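The following exercises are to be worked with the sequence and the coordinates at hand. Each consists of a task and a solution in steps.

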Amino acid sequence: MPNLKVLLYKSKTYKNGTHPVMLRITHNRKAKYFSLNMQCEETDWDFNRCCFTRKFRDYQQKNRMLHFFEEKAYRILDEFIKEDKAFSFLAFEQQFVKKPCSTTVLEFFDELLEDFLTKERIGNYEVYKQVKNALARFAEKKILVFGDIDYRFLKKFETHLFQRGCKGGGVHFYMRTIRAVMNEAIRQGLINRDAYPFSTQFNKAGYSLAHLKSTAQPRPLSASDMEKIKTLDLNAHPHLAKAARYFLFSYYARGINFVDMAKLQWSNIYNGRVEYTRTKTAKKYTIKLSEPLNEILEHFKGTHERYIFPILNDFHKNQIQIKNRVRKCLKQYNGDLKEIAKVLKIDVKLTSYVARHTYATTLKREGVDVSVISEALGHSDIGTTKAYLEHFSSEVLDKADALL
């Protein structure tokens, strides 16, 4: 909860020797001052009671005004709590001063970024920072205000992103983030809902994201290529052994992704199963330890008391440190997978995510129902799973065509 105080702002002195009376709001160790359009000399101010002294002209009336402003500020702060809204100086100013929002779009992004860092929501922080930087590049040196973001602006930005090499899914990523920012600005009272540029049921002419399709490009390995990785001579390629074991662990553990592998601890191994919560979806998984999984785990025993894989350690305490470490190790891991593909003469671009695609496609080859595969992968809808299996469907059709 932010703190507020009415005070005499001695850091500023007018030509007549007086100081302004200000309202100070403090939040997360940052302070912002709001003018109350009153001033007095230091001798006319009661610093203990935070009001004018008796000798100040019309002190009773002035003190009633101070009390009014203080109560108004408290009512605004109470609204943040009542409506369960994140506090921001910008939203408070809009309510307290009652003037049009002068905040730029990039300044509002900075407020949101600061809030994400405070709450250690690193994923949101990185997404919003990426979108902010893209907007800054597009706007160049122009000061971007919310009024600038209309249908025409969004179409131009869309074209700009495509010209920079973005695909439909990538442009969708940027646009939905801008939409989220606009929605938050409306919730905080910074802009009027009438200025909302995106398509709604009440504004069909607004900018729509429906045409921005993400083209799935599943990259599962064939059964023969997967067998090559399973039988890779690790003694002949010791520098690739860790990457090969990571890939196989992911494959045998229902396509677990790298960030969740990195966070796995020995405490996640319980009663012959791997139990963990996926970072991306917060969905809980419990996987029976097969013989291949046990062999991989046996190899990593003793490398660390807490974590299973030598990716994270006790030095990585906060989410920023964890995120940076995982990103660095993932880059090395994908580089090693690229070399493995070269050694084994695998044509598919081998990345960490191929293990997940291959797991799903292998189940499909073995006749497992798509709904079961969807549940195993933790997908919220079966359509996502079908996208994983498109490549396999093509293989089946190719073989069918060969019979003609």
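**Exercise 1. Backbone angles in two loops**

Task: Classify Asn28 as buried, partly exposed or exposed from its relative accessible area, and state where Asn28 lies.

Solution. The model is a predicted one.
Step 1. The relative accessible area of Asn28 is 40%. Buried requires under 20% and exposed over 50%, so Asn28 is partly exposed.
Step 2. Asn28 belongs to the loop between strand E2 (19-27) and E3.
Step 3. Its phi is near 50°, which is positive although Asn28 is a residue other than glycine.
Step 4. Arg254, not a glycine, likewise has a positive phi, of about 60°. Arg254 sits in the loop between H8 and H9 and is partly exposed, with a relative accessible area of 26%.

**Exercise 2. The faces of helix H5**

Task: Compare the span of helix H5 (residues 151-163) with its expected value, and determine how the buried residues of H5 are arranged around the axis.

Solution.
Step 1. The expected span is 1.5 Å times one less than the number of residues. For the 13 residues of H5 this gives 18 Å, and the end C-alpha atoms are 19 Å apart, so the two values agree.
Step 2. Phe153, Leu154, Phe157, Glu158, His160 and Leu161 are the buried residues of H5. Their arc around the axis is only 160°, and therefore they lie on the same side of H5.
Step 3. Arg152 and Gln163, on the other side of H5, are exposed.
Step 4. The cover over the buried residues of H5 includes H4 and H6.
Step 5. After H5 comes Gly165, with a positive phi near 105°.

**Exercise 3. Buried residues in loops**

Task: For Phe146, Tyr207 and Thr53, establish the loop in which each is placed and identify its contacts beyond four places in sequence.

Solution.
Step 1. Phe146 is placed in the loop between H4 and H5. Its relative accessible area of 5% makes Phe146 buried. Beyond four places in sequence, Phe146 is in contact with Thr103, Thr104, Val105, Phe108, Met182, Ala185 and Ile191.
Step 2. Tyr207 is found in the loop between H6 and helix H7 (223-230), and at 1% relative accessibility it is buried. The contacts of Tyr207 beyond four places in sequence include Tyr151, Leu154, Lys155 and Glu158, together with Met175, Pro197 and Phe198. The C-alpha atoms of Tyr207 and Arg152 are 8.6 Å apart, while along the chain these residues are separated by 55 residues.
Step 3. Thr53 lies in the loop between strand E5 (51-52) and helix H1 (59-82). With a relative accessible area of 18%, Thr53 is buried, since the cut-off is under 20%. Thr43, Asp44, Trp45, Asp46 and Tyr59 are in contact with Thr53, neighbours within four places in sequence being left aside.

**Exercise 4. Helices H11 and H13**

Task: Check the length of helix H11 (residues 319-343), and state which residues of helix H13 (residues 370-377) are buried.

Solution.
Step 1. H11 has 25 residues, and the expected 36 Å at 1.5 Å a residue is close to the 36 Å from its first C-alpha to its last.
Step 2. The buried residues of H11 are Ile322, Val326, Cys329, Tyr333, Asp336, Leu337, Ile340 and Ala341. Among what covers these residues are helix H8 (241-252) and helix H9 (258-263).
Step 3. In H13, Val370, Ile373, Ser374, Ala376 and Leu377 are buried. They fall within an arc of 160° seen down the axis, so they line one face of H13.
Step 4. Gly378, just after H13, has a positive phi of about 80°.

**Exercise 5. The second largest pocket**

Task: Describe the volume and the lining of the second largest pocket.

Solution.
Step 1. The volume of the second largest pocket is about 490 Å³.
Step 2. Its lining has 24 residues, and Phe87, Ser88, Glu111, Leu112 and Asp115 are those nearest the centre.
Step 3. Two or more lining residues come from each of strand E3 (30-40), helix H2 (89-97), helix H3 (105-118), helix H4 (122-139) and helix H6 (168-187). H3 contributes the most, with 5 residues.
Step 4. By class, the lining comprises 9 nonpolar, 5 polar and 10 charged residues.

Key
Residues are numbered from 1 along each chain as its sequence is written. This is a predicted model: local features need pLDDT of at least 70, side-chain atom pairs count only at pLDDT 80 or more; totals for chains, interfaces and linings use all residues. Side-chain values use heavy atoms; hydrogens and water are left out. On a 1 Å grid over the protein atoms alone, a cavity is a set of points where a 1.4 Å probe fits but cannot get out, and a pocket is an open set with protein on both sides within 12 Å along at least five of seven lines; lining residues have an atom within 4 Å of a point. Grid points are joined across faces, edges and corners, and a volume is the space filled by probe spheres set on the points. Helices (H or I, at least four residues) and strands (E, at least two) are DSSP runs, numbered from the N terminus. Ala, Val, Leu, Ile, Met, Phe, Trp, Tyr, Cys and Pro count as nonpolar, Asp, Glu, Lys and Arg as charged, and the others, Gly among them, as polar. Buried means under 20% relative accessible area, exposed over 50%, partly exposed in between (1.4 Å probe, protein chains only). The arc is that of the directions from the helix axis to the C-beta atoms. Contact means heavy atoms within 4.5 Å.
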